[in-house]
Amino acid sequence: MAILEVRNIEKSFGSLPVLKDIYFSMEKGESIAIIGSSGSGKTTLLRCLNFLEKPDQGSIIVNHELIFDAGDPQTQMESEMRKKRLHFGLIFQNFNLFPQYTVLKNVTLAAELLSSERPDYKQNKKNILSEIQERSKMLLDQVGLMDKIDNYPHQISGGQQQRVAIARALALEPDILCFDEPTSALDPELTGEVLKVIKSLAEEDTTMIIVTHEMDFARDVADRVLFMDEGMIVEQGSPEEVFAGPREERTRQFLARYQKAQL
């Protein structure tokens, strides 16, 4: 059963169309890699899913619930957008950690703020906050940073900061984890440690959408690959289908340019 259905999503900035008639769905536990040239619409698609941008057309369905319909104002109420964003955990290109907080506090903060809205918060505050602390420590251990929980962002490497960002997103237990070029701000020697964490999440059947320029990583980790060009999904299929035998000329040209750049 599909955990996500994206139907007819379109987005323009002024007179410039950025997304054109985007359709795809994904199953729980599936990992999708989205590849394509800069400017093809990959990041805008993630931002629309996370409601950092509002689609001009189309609908988004999560767990069989219509959470956005461009033709229905009731699904676009600003008061509901924060709740809807919780379906998607977004890890940005840059780490966006709070420099004044420790690694552990960066992970617990959002969950603590959300927990304060629970009807039983006042009565169970101590237990609730303790549970958040323990889960956050578990997640930091999962991404290999248990020994850094008391450090501040400036005291750890870029790769470690991105791993904190992954733990922070996981702490809110999203239905779908979204990565926007998670290694693009990293030096090459730090890229591997972040990709290793994402690969381990894929092996644990975490539902993920990964916008990436790391073709070998997409080939190894993704269950399905979507190639985007000029705001459209031009081709999609298994990694073997897209990388070894692409059907579309634009896909073949993109992969040829990538391979040439690696020489």
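# A walk through two sheets

Start by selecting aspartate 205, which is exposed, with a relative accessible area of 52% (exposed means over 50%, buried under 20%, and partly exposed in between, using a 1.4 Å probe and protein chains only). Aspartate 205 also has a positive phi of about 65°, although it is not a glycine. You'll find aspartate 205 in the loop between α6 and β8; helices here are DSSP runs of H or I with at least four residues, strands are E runs of at least two, and both are numbered from the N terminus.

A quick word before moving on. This is a predicted model, where local features need pLDDT of at least 70, side-chain atom pairs count only at pLDDT 80 or more, and totals for chains, interfaces and linings use all residues. Residues are numbered from 1 along each chain as its sequence is written, and side-chain values use heavy atoms, with hydrogens and water left out.

**Next stop: the six-stranded sheet**

Colour the strands β6-β7-β8-β3-β9-β10, and you have an open sheet of six in that order, with mixed pairing (two strands pair if DSSP finds at least two bridges between them). At the edges sit β6 (88-91) and β10 (232-237), each pairing on one side only. From one strand to the next, the twist averages 20° (axes are lines fitted to C-alpha atoms, for helices over the stretch in contact, and angles run from 0 to 180 degrees between N-to-C directions).

Now zoom in on β7 (residues 176-180) and β8 (residues 208-211), which pair in the parallel sense over four bridges. Pick cysteine 178 and look across: isoleucine 209 in β8 stands opposite. Then show helix α6 (residues 188-203), which packs on the sheet and touches β3 (31-35), β7 and β8 (contact means heavy atoms within 4.5 Å). The direction of α6 makes about 150° with that of β8.

**Over to the four-stranded sheet**

Select β2-β1-β4-β5, another open sheet, this time with antiparallel pairing. Its edge strands are β2 (16-27) and β5 (65-69), each paired on one side only. Ignoring direction, neighbouring strands of this sheet are turned by 15° against each other on average.

Follow β4 (residues 57-62) into its partner β5: they pair in the antiparallel sense over four bridges. Add helix α1 (residues 42-49), which lies across β1 (2-13), β2 and β4 and runs at about 65° to β2.

**Last stop: phenylalanine 51**

Where is phenylalanine 51? Look in the loop between α1 and β4. Its phi is near 60°, a positive value in a residue other than glycine. Is phenylalanine 51 buried or exposed? Phenylalanine 51 is buried, with a relative accessible area of 6%.
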